[in-house]
Amino acid sequence: MRDWNVIVTVSEHGYKQAGHLLAPWGDIAKSNFYNVLLLRTVDPFAFLEKAQSEISSGTEFATAISRLMPVEKKFSFQSPDEFEFKAKQEIRGWIPRLAGKKFHVRMHRRGFKGRMRSVDEEQFLDHFVMQELEARGETATVTFDQPDVIIALESIGNDAGMSFWTRQDLAKFPVLKLD
C-alpha cells in the first residue's frame with residue numbers, strides 16, 4: 001500500500017488481533033517489515049485519539065498495538081540524497097513553528113539498510129532547521145531533554161512520512177513512543 005497515513009507497530013503475536021481492530025478504520029496492508037502494518041484512514045488523528053483511549057482503558061488495543069504513528073506529510077524517494085532533498089522541502093513549512101523552541105528530529109527507518117542511518121538523517125535535519133532559523137534571524141535549541149517539539153520521520157522502504165508533535169501531544173498520546 002503506497003497511500004498509508006498511519007504506521008502501526010504490532011505487539012508480538014498480535015497481527016490477527018490488530019488487523020481485526022484496525023479494519024473498521026480503513027484499509028490495512030502488511031508491510032515488508034516485521035510486526036509493521038500500514039493503515040489508510042480518513043482521519044489519522046481521530047484514529048489516534050480513539051486508539052489512545054482504547055489503549056489507556058486496557059482494551060484489546062493495549063495488547064495488540066505497540067506503537068502508532070499518523071503522518072501529516074508523505075513523499076517517496078529512491079536514494080538517500082533524494083530523501084534528504086524531499087525531507088528538507090517538507091520540514092521547511094514547519095520552520096516558523098520551531099522558532100524559539102527546543103526540538104529534535106526522530107527517525108524510525110525501515111529499509112535502506114546500509115545506505116541510510118537514522119541518526120545521521122536526524123542530525124542532518126536538525127542542522128538544516130538550525131540553518132534555516134539562523135537565516136531568518138531566529139534561534140532554537142536541539143535537545144532531547146524535554147523538547148517542545150519532536151518532528152517524527154517514518155520510512156517504510158522508499159516511502160516516508162512526517163509529523164509534528166508538541167510536548168502536549170506527546171503527553172496526551174504515549175502510544176507515539178517517540179523517545
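Okay, quick definition before I start: a strand here is a DSSP run of E, at least two residues long, and strands are numbered from the N terminus. Keep in mind that this is a predicted model.

So, let's begin with Thr-41. You'll find Thr-41 in strand β3, which covers residues 36-41. Is Thr-41 buried or exposed? Buried means under 20% relative accessible area, and Thr-41 comes in at 5%, so it counts as buried.

What does the side chain do in there? A polar atom of the Thr-41 side chain sits 2.6 Å from the backbone oxygen of Trp-25. Trp-25 also turns up in the contact list: leaving out residues up to four places away in sequence, Thr-41 touches Asn-5, Val-6, Trp-25 and Phe-47.

Let's follow one of those partners, Asn-5. Asn-5 belongs to the segment before β1, and β1 itself runs 6-10. Asn-5 has a relative accessible area of 6%, so Asn-5 is buried as well. And what does Asn-5 touch, not counting residues up to four places away in sequence? Going back to β3, there's Thr-41 again, and the list also has Leu-39 and Arg-40. Then add Pro-44, plus Met-69, Pro-70 and Val-71.

Last stop, the pockets. The largest pocket has a volume of about 170 Å³. Twelve residues line that pocket, and the ones nearest its centre are Ser-31, Asn-32, Phe-33, Leu-38 and Ile-156. If you split the lining of the largest pocket by type, you get five nonpolar residues, four polar and three charged.

That's my tour, thanks.

Notes. Residues numbered from 1 in each chain as written. Predicted model: local features only at pLDDT ≥ 70, side-chain atom pairs only at ≥ 80, totals over all residues. Heavy atoms only, no water. Helix = DSSP H or I, 4+ residues; strand = E, 2+ residues; numbered from the N terminus. Buried < 20%, exposed > 50% of the residue type's maximum accessible area, 1.4 Å probe, protein only. Polar contact = N/O pair within 3.5 Å; in protein donor to acceptor, adjacent residues only side chain to side chain. Contact = heavy atoms within 4.5 Å. 1 Å grid on protein atoms, 1.4 Å probe; cavity = no way out; pocket = protein on both sides within 12 Å on 5 of 7 lines; lining within 4 Å. Points joined across faces, edges and corners; volume = space filled by probe spheres on them. Nonpolar A, V, L, I, M, F, W, Y, C, P; charged D, E, K, R; others polar.
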